[in-house]
Amino acid sequence: MKIALDAMGGDFAPDTSVDGAIAALKAHPELEVVLVGDQPALDSLVEKAGCPGDRLTIQPSDGVVGMEEKPTLALRKKPNSSIAVCWRLMAGREVDGVVSAGNTGAVVAAGLRTRLFLKGIKRPGIAVALPTVRGRSVLMDVGANPAARPEHLLQYGIMGAVYARNMLGIENPSIGLMNIGSEEGKGTDLYRQTHSLLIDSPLKDRYIGNIEGRGLYQGEADVLICEGFVGNVVLKVSEGMAQFMLESVSTEVLSKLDADREPAAQAFKQLGRRYAYSEAGGAPLLGIDGICIICHGSSDAHSIANALKGATTIKNHEINSQIVQELNGAVAG
């Protein structure tokens, strides 16, 4: 499998991109990585790392979309930026997937400009797997499509269920609609219309209705769907709350210990690593005819390596072909 890595995307690029690519190549002999970015800088880093070979190549690009830039405007001004070149490589079938820790909006916008969608998909969405008291659940969409329509959310339910079944091992995933209340008629027009659409859709046997925010971490549904604005707020609040709670609890507990604190400190560090975004590597943009993994902007080499691994796992599980099959079945139904 060949993946285009946006080597210039992220807070610590390109160093972390090169280190992460090399780590992934060592662990996965079937993987090939194309580093997309500033060729002189990348040549120097690869040479310094001592990683020659045809499984790691460099594709030059010109410019980077910064985290603070407006995605569509930046892409127009920088048509040969690293993320734009990554998507062109995938659109031309020169690579199987794209991985980037760059500006999320630019990653999505560049993908939308290619119109590289799976057959029948109206709008792609970003899916994340989050821990719950019952295991893990998929939340979708977390930022790709803030102006969603009911049919988009229906497709997110289909795609999220395929992802949960194959990547989380949930045999028959239940689907819930993120809302401000569990009762009928709750939410905006979008959520009321989506609810009506779902209860009369091929997903009706798996759809369990509206789920309030606290139900996400209670594991009330295996797949929770929402539009991108809500999903992104939920994700960012969750990240901040998790960090706050872990730091607060660890500080409080360690301050009470009179004896050796090291075992407790190590336990908290291990807990933090278990739920850190770096372990997942990134979140897939589902609905793309190819594979796109979007990483956290502050990703380190370990996170980049895991994102590349995640891309290979999605390909090996044939997620895209299953999405198309399920979508066709839903239309036929």
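## Exercises on a predicted model

With a relative accessible area of 52%, E318 is exposed. The model is a predicted one, and the exercises below start from this residue.

### Exercise 1. E318 and R115

Task: State where E318 lies and which sign its phi takes, then do likewise for R115.

Solution.
- Step 1. E318 sits in the loop that links helix 12 to helix 13 (319-332).
- Step 2. Its phi is near 55°, which is a positive value in a residue other than glycine.
- Step 3. The cut-off for exposed is over 50% relative accessible area, so E318 at 52% counts as exposed.
- Step 4. R115 belongs to the loop between helix 5 and strand 5, and follows just after helix 5.
- Step 5. R115 is not a glycine, yet its phi is positive, at about 55°.
- Step 6. R115 has a relative accessibility of 55% and therefore counts as exposed.
- Step 7. As background, most residues other than glycine have a negative phi.

### Exercise 2. Cis peptide bonds

Task: Find which residue is joined to A13 by a cis peptide bond and which one follows M140 across another, and place both in the chain.

Solution.
- Step 1. The bond between A13 and P14 is cis, with omega about 5°.
- Step 2. P14 is part of the loop between strand 1 (2-6) and helix 1.
- Step 3. From M140 to D141 the peptide bond is also cis, and omega is near 15°.
- Step 4. D141 is located in the loop between strand 6 and helix 6 (150-167).
- Step 5. For context, most peptide bonds are trans.

### Exercise 3. Helix 1 against helix 12

Task: Describe how helix 1 and helix 12 cross, and list what makes the contact.

Solution.
- Step 1. Two packed helices are described by the angle between their axes and the distance between the axes.
- Step 2. For helix 1 (residues 15-27) and helix 12 (residues 301-316), the axes come within 7 Å and the crossing angle is roughly 50°.
- Step 3. An angle from 35 to 65 degrees falls in the oblique class, so helix 1 and helix 12 are oblique to each other.
- Step 4. The crossing of this pair, helix 1 and helix 12, is right-handed.
- Step 5. Helix 1 contributes T16, S17, D19, G20, A21, A23 and A24 to the contact, and helix 12 contributes A301, I304, A305 and L308.
- Step 6. By class, the residues in the contact of helix 1 with helix 12 are 7 nonpolar, 3 polar and 1 charged.

### Exercise 4. Helix 1 against helix 2

Task: Repeat the analysis for helix 1 and helix 2.

Solution.
- Step 1. The axes of helix 1 and helix 2 (residues 39-49) are 10 Å apart, and the packing angle is about 45°.
- Step 2. Helix 1 and helix 2 are therefore oblique to each other.
- Step 3. Helix 1 and helix 2 cross in a right-handed sense.
- Step 4. D15, V18 and I22 of helix 1 meet L42, L45, V46 and A49 of helix 2.
- Step 5. The contact of helix 1 with helix 2 holds 6 nonpolar residues, no polar ones and 1 charged.

### Exercise 5. Helix 5

Task: Identify which residue caps the N-terminal end of helix 5, which residues of the helix are buried, and which elements the buried residues pack against.

Solution.
- Step 1. The cap is N103, with a side-chain oxygen 3.0 Å from the backbone nitrogen of G105.
- Step 2. In helix 5 (residues 104-114) the buried residues are A106, V107, V108, A109, A110 and G111.
- Step 3. The helices they pack against are helix 3 (71-77) and helix 4 (82-91).
- Step 4. The strands they pack against are strand 4 (97-100), strand 5 (125-132), strand 10 (283-286) and strand 11 (291-294).

### Exercise 6. S137 and L216

Task: Decide whether S137 and L216 are buried or exposed, and trace their contacts.

Solution.
- Step 1. S137 is in strand 6 (residues 135-140), while L216 is in helix 8 (residues 214-217).
- Step 2. Buried means under 20% relative accessible area; S137 is at 2% and so counts as buried, and L216, at 1%, is buried as well.
- Step 3. The S137 side chain reaches the backbone oxygen of A221 at 2.8 Å.
- Step 4. Residues touched by S137 include V128, A129, L168, L216 and D222.
- Step 5. L216 in turn touches S137, and its other partners include M178, I211, L224 and V234.
- Step 6. L130 and T132 are touched by S137 and also by L216.
- Step 7. L216 and G176 are 40 residues apart along the chain, and their C-alpha atoms are separated by 9.3 Å.

Conventions:
Residues numbered from 1 in each chain as written. Predicted model: local features only at pLDDT ≥ 70, side-chain atom pairs only at ≥ 80, totals over all residues. Heavy atoms only, no water. Axes fitted to C-alpha atoms, helices over the stretch in contact; angles between N-to-C directions. Helix = DSSP H or I, 4+ residues; strand = E, 2+ residues; numbered from the N terminus. Parallel < 35°, antiparallel > 145°, perpendicular 65-115°, else oblique. Left-handed = near helix turned anticlockwise from the far one by under 90°. Contact = heavy atoms within 4.5 Å. Nonpolar A, V, L, I, M, F, W, Y, C, P; charged D, E, K, R; others polar. Buried < 20%, exposed > 50% of the residue type's maximum accessible area, 1.4 Å probe, protein only. Polar contact = N/O pair within 3.5 Å; in protein donor to acceptor, adjacent residues only side chain to side chain. Lists of a residue's contacts leave out its neighbours within four places in sequence.
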